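Visitor: Could you pick one charged pair and take a close look at it with me? After that, just carry on from there into whatever else is worth a look.

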Amino acid sequence: MSAAAEPAGPRPRRLTLSRVGVYVFLVGASAFFLLPLWAMVLTSLKPMSEIQQGDLFQLPHTPTFAAWSRAWSHACTGLACNGISVGFANSVKILVPSVVASIALGALTGYALAFYRVRGGNLVFAILLVGAFIPYQVFIYPLVRIFAWIGIYGTLTGIVVIHSIFGLPFMTLLFRNYYSSLPRELFNAARVDGAGFLGILRHVILPMSTPIVIVAVILQVTGIWNDFILGLTFAGLANQPMTVQLNNVVATTQGTVEYDVDMAATILTAALPLAVYLVSGRWFVRGIAAGAVKG
Amino acid sequence: MTPAESAAKFRARLRNQAPAALALLPAAIVVAVVYVGSMLMTARLSFSSSHMLPTFDWAGGEQYSRLFDTERFVESTQHIALFGVLFIVASLTLGFLLAVFIDQKVRFEALFRTIFLYPFSMSFIVTGLVWQWMLHPELGIEKTVRAWGFAHFTFRWIVDENLVVYTLVIAAVWQASGLVMAILLAGLRGVDAELWKATKIDAIPTWRVYWSVILPTLGPMLTTAAVLLAVSVAKLFDLVVAMTRGGPGISSEVPAKFIMDNFFGRSNVALGSAAATMLLVTVVAVVGPWVYFEHFRRKGVRA
């Protein structure tokens, strides 16, 4: 297993021309990926006068976090100037219940599909799988009508429900595949001992679910935080998530455009998923692999 | 088996399965209402004359002929076709190269991997705004290159009707090629070390091994990556909204945005539904065969 994880490329010789070429390519590619982030950070630290005069990568004469604090508490969307912190709070309010609900529902569905042969279960799973690939635009208008009819359109409940709905295919796939890979004897033994559906889930399956729950949390936290279209459509004005507000801040062009504030707001919006990515490292890649290679 | 025995067995089976069936109920409702119900309702509305509110009259294929007479939609399909081909080819190529070069037992491998994949953790809105700033016609890359001494350098694709789609490609490739790299790297790590020894003994050039031996074995992973990229092409909406808002003019409009605009901005529910149905048909035609082979043929649904 560990041998298979080793790099399988040809063994390096001395520092040859081709070796240098490898590093030149990698460093050049790194520049392509890093320079936009670098330009964004620099811009957010410069006053507008320096932005107008200098170029993207010119270092600020006197770095200032003024734009960051303006972005956080005074950036304008239309006529309201309460900063991106409003969107941040909304995103947190949406994120926590949505992550919990979508993972709980996915784990329950995945568990039932992996260990029980319920009639129609395979059909449900098949439709979920196909549904995961279909753009939201195909479902979104009828859902808006249905949500309005139930009375949860434009509410926090509505956006949490919609995240649970659209998180269901992938969460189900993730948990079903993981549970299918567990030794079935554990399940059978618990069953012989007389444990029921929930008993087995609670005492046998959930204690073994930590790795897959971590993967699911990473996927859902980044996915739901980065969502734009669902928040835009279902959350309502009072609950607009940070991505929607950020887009409005940048689109608001009353008075002079403040690129420093725009960039600071952009960094603040990207901060959470970026931090999750940097901290989680291999787990993030595992999540992608679970979705891409198995799924 | 007596009838009493089989009845008892049936009851026992029911007792065993009932909780599981109950647990699957929410998923079944989601499937019925959202994935089947809403989809059918959208398709049904595409044959109506709904404007601001849904009506269930029958207008035949009127919306579809209207759709293909609408310049904004026709151009949207052309933009997405161009974007799709370039984005998928460029992301696969760059992702493959990144994976191969990272696989050369380089130092700081983890650092390079982290750098190449981090844009994938950020939203399309952030990606769009970053690149909108990088490509700013006056203050962006153009000014930077001019400051390096190339006084007549111009780079204003983002405000050029004929070139703006390419800027969307640049931003999307930046965001997604790390994903391709991560998928392919997993595949490269699975290549047998014996294979490398064999090609070395035969003195086959490394690039030749990658091209003729490794690339074909990565086929399934390349397909997976291509499908994932294709799905994100169909969904392309946030990036356009953040980066160009469909402009200049309608030169970077895309179908997903056309649909949203007609549903929620222009009160053309039936027209939006017709466009959404077209999108659905296209996605199913592309992804359907892949889902079938990947999940139902090879492994069977019940793994």
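Guide: Let's start with Glu142(B) and Arg156(B), whose side chains meet in a salt bridge at 2.9 Å, N to O; the term asks for a side-chain nitrogen of Lys or Arg within 4 Å of a carboxyl oxygen of Asp or Glu. Bear in mind that this is a predicted model, where local features need pLDDT of at least 70 and side-chain atom pairs count only at pLDDT 80 or more, while totals for chains, interfaces and linings use all residues. As for bookkeeping, residues are numbered from 1 along each chain as its sequence is written, chains are lettered from A and ligands numbered from 1 in the order in which they are written, and side-chain values use heavy atoms, with hydrogens and water left out.

Back to our pair. Glu142(B) belongs to helix 6 (residues 141-147) of chain B and Arg156(B) to the loop between helix 6 and helix 7, so the bridge ties together parts 14 residues apart in sequence. Helices here are DSSP runs of H or I with at least four residues, strands are runs of E with at least two, and both are numbered from the N terminus. The two ends sit in unlike surroundings: Glu142(B) is buried at 2% relative accessible area, whereas Arg156(B) is partly exposed at 37%. (Buried is under 20%, exposed is over 50%, partly exposed is in between, with a 1.4 Å probe and protein chains only.)

Across all chains there are 11 salt bridges. One of them joins Arg189(B) to Asp103(B), again at 2.9 Å from N to O. That one links distant parts of the chain, 86 residues apart: Arg189(B) is in the loop between helix 7 and helix 8 (193-201), and Asp103(B) is in the loop between helix 3 (71-102) and helix 4 of chain B. Both Arg189(B) and Asp103(B) are buried.

The loop that holds Asp103(B) has some backbone quirks. Most residues other than glycine have a negative phi, and most peptide bonds are trans. Yet Lys105(B), not a glycine, has a positive phi of about 50°, and it lies in the loop between helix 3 and helix 4 of chain B. Phe108(B) is in that loop too, with phi near 55°. Lys105(B) counts as partly exposed at 23% relative accessibility, while Phe108(B) counts as exposed at 54%. For the peptide-bond exception, go to Gly247(B) and Pro248(B), joined by a cis bond with omega of about 0°; Pro248(B) is in the loop between helix 11 (238-243) and helix 12 of chain B.

Helix 12 (residues 255-264) brings us back to charges. It's mostly covered, with 8 of its 10 residues buried, among them Lys257(B) and Phe258(B). Lys257(B) forms a salt bridge with Glu253(B), the closest N and O atoms being 3.1 Å apart, and both of those residues are buried. Bridges that share partners join Arg72(B), Glu253(B), Lys257(B) and Asp261(B) into one network.

Now for the rings. The aromatic pairs come to 41 over all chains, counting Phe, Tyr and Trp (its six-membered ring) with centres within 6.5 Å; planes under 30 degrees apart are stacked, over 60 edge-to-face, the rest tilted. Phe33(A) and Phe116(B) make a tilted one, 5.4 Å centre to centre with 45° between the planes. This pair crosses between chains, from helix 1 (residues 17-44) of chain A to helix 4 (residues 109-117) of chain B, and both rings belong to buried residues. Phe116(B) also touches Leu26(A), Leu98(B) and Met181(B), among others, where contact means heavy atoms within 4.5 Å.

Phe116(B) has another role to note: with Tyr111(A), Tyr179(A) and Phe83(B), it touches the most other members of the largest nonpolar core, which has 185 residues. Such a core is a set of buried Ala, Val, Leu, Ile, Met, Phe, Trp, Tyr and Cys residues joined through side-chain atoms within 4.5 Å. Helix 7 (residues 164-188) of chain B gives the most to this core, with 16 residues. Tyr111(A) and Tyr179(A) also belong to one aromatic cluster, which includes Phe115(A) and Phe197(A).

Conventions. Lists of a residue's contacts leave out its neighbours within four places in sequence.
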